[in-house]
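Please consider the sequence and the structure shown below. The paragraphs that follow lead from the cysteines to the nonpolar cores, and then to a sheet and the packing of helices.

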Amino acid sequence: MSYKGARWYKTDLHLHTPASKCFKDRDVTAEQWVNRCLEQQLDVVAVTDHNSGEWIDEIKKAAEGTKLVVFPGVEVTCSESKVHILILFDIEKSRQDIEDFLIKIKIDRDYFATAEANSELSTIQIVEEAAREGAIAIPAHIDEFNGLSVIAFNNRDNLLKNEHVNSVQVVHEMFYNQGKTKDYIEETLRNYYNKDISEQLYKEWKITVNQALEKKKTILTFSDNPHKQGDSKHGLWGIGQRFTWIKMNEEVNIESLKQALFLPDHRIRNDFDSKLNPYSLPDYWFKKIKIKNTLLNKDEIEIDFNPQMNSIIGGRGSGKSSILRFIRGVFQKIEDLELADIIGSSNLKKEQENFFKVSSNNRGILLKDSIIEIEVNKYGTDYKIVAKNFKSGEPKDLKVLKKDTKDQYVSEETTSLKDFFKYDIYSQKQIYEIASHPNSLRDRIDSSIVEMEELNNNLKKKKNEYLEQSTKIRSLAFRISQNAKVNSDIRDKKEQINSFKESGFEELVQMYKTFNKENEILKTLYETLKEKKEEITNLRSNFIIQEIETQNFQLSYQSEIKKILGPVYDGYEVIQSILQDAETRLSNLNEDFTKSLIESAWYKDKKENVEDFKHTKEELAEKGIDDLDKLEVATNELIKLEKELKAIEFFEEDLKNQYTRRNEIYSEYVQLRKEVTALRKEFLNEILNDENIQIDIKNFRDRNQYIKRFREIIQKETGYNDDINKIGDKCINGKDVIKNQQKIIEDLINIRNNNLSEYGGHFENAIKDLNEEQLDELILHFPEDEIAVKYKPNDSSSFQLLSNASAGQKTSAILTFLLSYGNVPLLLDQPEDDLDNHLIYELIVDRLKVVKGNRQIIVVTHNANIPVNGDTEWLIAMDSKSKDIKVMCNGTIEEYDIKTEICDVMEGGEKAFKLRSKRYNL
């Protein structure tokens, strides 16, 4: 994927061609040599033949039109025991330049590429001469034959101290990663060289590598392309068998290589450390922003970004911070500004809104026809976000376009731009507010923990389960509370029924009820028989099959088919007869049942009872007495009340179980809440390795949040200060906040039960006015965890609370945290404003160099330490002299224009920089 700025290259900077007499296959062509490099997926190579530049121009020509970058170079043989040193020149140099250099170091042209060729100069003299030519000197294979080990220890030490020797080539990993046994070393060397190596020799090799490591020289690994494994001759096979990953500018040159060697920790990975590319693109990163037609720019401004670290610099008024404001505005990402405003005294949200709006009343930089395009990459796919047709501070036309396989942008459906592409953005003021209110870090911690969303969802579910359980308990308790009334009603009904007994009508009524119940049972059987008869009738009427016409078959088979079908039709008619018979039998059965019942003694006695009941009821009615009806109603009501009493007895037993279950849910809720705390602690333990900062999670200790939420639940935003503060103190006092909270709930329940309390009368009335749902909310209301940030001042052995720190110390602590985790783009606007240069260098620079390996960084800054020592992959210099926001230049630090601009804008110019250097006397 193409992008601007520095990136990693697979390099082999020690390669021979047939120009070296020890190259075995003399028929190899330049094209074959280049193709072998490409087969090995090399990006950058160096031609370093022994004391010769003969093949350089041919190799460069063969590489034209390919991705391969070729450094012209030479492997020089020095006067001191034939030590080999690689000399690499810039890519535009030619054979002639190499040969001119060889002559300068006293190698006669007649001896180029011969076995006798060697310089009269010492290793240090050759290094110095290479430096004067702008070349790079790399001692070759220092742990092998013709390496530095063959010269005296002191001479070797002096060479490695030389400021122009920044790197060395090492062959054997066992000398780089030490700790191997003597037997292991000897066996490994025997297998590598196909012969025994004396102990004295390989000890010198090991000592030489130790010296280079002690001098903190960059360790490089190259192939020296052997003809085959263990062969001292050179050939195509060995090209790219060994290599080093080097981070350089997109346009590779000698200056880019020098910059990489200055910062090996972040720009060099030898093949001992990494066989694979040490960097992979982040899941999310900004590629470009285009800004058209705003009050800040008449002409279109286009800014590219690198997927690693980007620095935006410029003088005051150059518009460097505006770039981040444009990005924030398109995404409408202001919730973090709102938080900073809420917790502190800033007005960041209003500032952003006054910036990103259609211009009116001297506010706003947008015009109605402004267009902002932001190109992003998400999971390897390019997208373009286009915002235009602005009204107030929002675009009426906002589109997300996706690049398809034909490199065309097509519309992409998205529900939320902020969810579609995620990034973090902080200004210095935001960071200061967070530093002043560390508890605001909770949301940032939680949003960074993968498991936290699921855990919080489980916590909400458990809370709802508790509230539902409480509602169920209240419903049961209400029904149980009717126990006394039901018992009273039963007594009344029984007394009423007893009064009927005294009138002598009870036996008649009881027999009437009994016959009715029995009649219902017999009636059910009658209806069932009737239904079954109807089912058979319906089945018989639908029990029809279509006869098959034998004429539809071939003439020769018609007779046979007719014989086969005959028994089927005959059998079918038998089944129809059986169904008709069953229908008749059921009908007769029901008639016989009815007839027998009518003729039974039971029916006669029932009929007599009905007539007596009717006659007695009519007689009483003529006398104006309707007690018989009341007895019937009272009897039915008594039965209903007795059923209800049994249900209440069941509810009483069930209520005990429901209370038990609610207690279990409460315990489960508390456990989940403790798991939230544990996750936060685990996350901080994983990400914080800084020796000067600690972030502690204090379980359930955020008193202010507890009080704020308490007020929200009881719906009293103001007032009752003494009583509510007393509750806050009670809750977080001591070790067991859970028990403290339970005691507070007991106090509130006592108030609601009109018991004496230690609280004021107005507060008691407010608590009595709470509904049961509010009380349930309070039962589950625990203080949030308190975030305690501590820092260790320089030259101090103990940590101090951040509340006692200076503005710079606060900012540095929070920045340390923000730079310790995350993988989405991180945008920082002048984070160094509260920091001195020491803190910037020790904190921000070191952190940025690590963080940019995992996430994209875009930092607006006016401090040179950040882009220079932070080794920014891409720098955008804004034009301080232009009235509009305008890019003066962009590129990497190794480019002349960029270095000049950094020096002018951030160091006060070359003259001021040199004067300070002289006065420091460094």
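How many disulfides does the structure hold? In this predicted model, the number is zero. Cys22 takes part in no disulfide, and its nearest cysteine sulfur, which belongs to Cys78, is 16 Å away. A disulfide requires the two sulfur atoms to be within 2.5 Å, so this pair does not qualify. Cys37 is likewise in no disulfide; the nearest cysteine sulfur to it, that of Cys22, is 17 Å away. With a relative accessibility of 22%, Cys22 counts as partly exposed, whereas Cys37, at 0%, counts as buried.

The nonpolar interior comes next. The largest nonpolar core comprises 74 residues, and those with the most contacts inside it are Leu684, Phe710, Leu748, Val789, Ile814 and Phe817. Helix 22, which spans residues 627-687, supplies the largest share of this core, with 10 residues. Val789 illustrates how distant parts of the sequence are brought into contact: leaving aside residues up to four places away in sequence, its partners include Pro438, Leu441, Ile693, Ala813 and Ile814. Another core, of 64 residues, lies apart from the largest one, and among its members are Ala130, Leu148, Phe175 and Trp205.

Attention may now turn to a sheet. Six strands form an open sheet in the order 11-10-13-14-15-16, and their pairing is antiparallel. Strand 11 (301-304) and strand 16 (409-411) occupy the edges; each has a single partner strand, and therefore one side of each is left without a neighbour in the sheet. From one strand to the next, the twist averages 25°. Within this sheet, strand 14 (residues 381-391) and strand 15 (residues 394-403) run antiparallel and are joined by eight bridges. One residue pair can be located directly: Ala387 has Leu398 in strand 15 as its bridge partner.

A helix also packs on these strands. Helix 11 (residues 320-331) lies across strand 10 (284-292), strand 11, strand 13 (371-378), strand 14 and strand 15, and it runs at about 100° to strand 10.

How are helix 15 and helix 28 oriented where their axes cross? The axes of helix 15 (residues 428-436) and helix 28 (residues 807-818) come within 9 Å and cross at roughly 95°, which means that helix 15 is roughly perpendicular to helix 28. At their contact, Ile431, Tyr432, Ile434, Ala435 and Ser436 of helix 15 meet Ala807, Lys810, Thr811, Ile814, Leu815 and Leu818 of helix 28. Ile814 thus links this account to the earlier one, as Ile814 is also among the residues with the most contacts inside the largest core.

Methods
Residues are numbered from 1 along each chain as its sequence is written. This is a predicted model: local features need pLDDT of at least 70, side-chain atom pairs count only at pLDDT 80 or more; totals for chains, interfaces and linings use all residues. Side-chain values use heavy atoms; hydrogens and water are left out. Buried means under 20% relative accessible area, exposed over 50%, partly exposed in between (1.4 Å probe, protein chains only). A nonpolar core is a set of buried Ala, Val, Leu, Ile, Met, Phe, Trp, Tyr and Cys residues joined through side-chain atoms within 4.5 Å. Helices (H or I, at least four residues) and strands (E, at least two) are DSSP runs, numbered from the N terminus. Contact means heavy atoms within 4.5 Å. Two strands pair if DSSP finds at least two bridges between them. Axes are lines fitted to C-alpha atoms, for helices over the stretch in contact, and angles run from 0 to 180 degrees between N-to-C directions. Angles under 35 degrees count as roughly parallel, over 145 as roughly antiparallel, 65 to 115 as roughly perpendicular and the rest as oblique.
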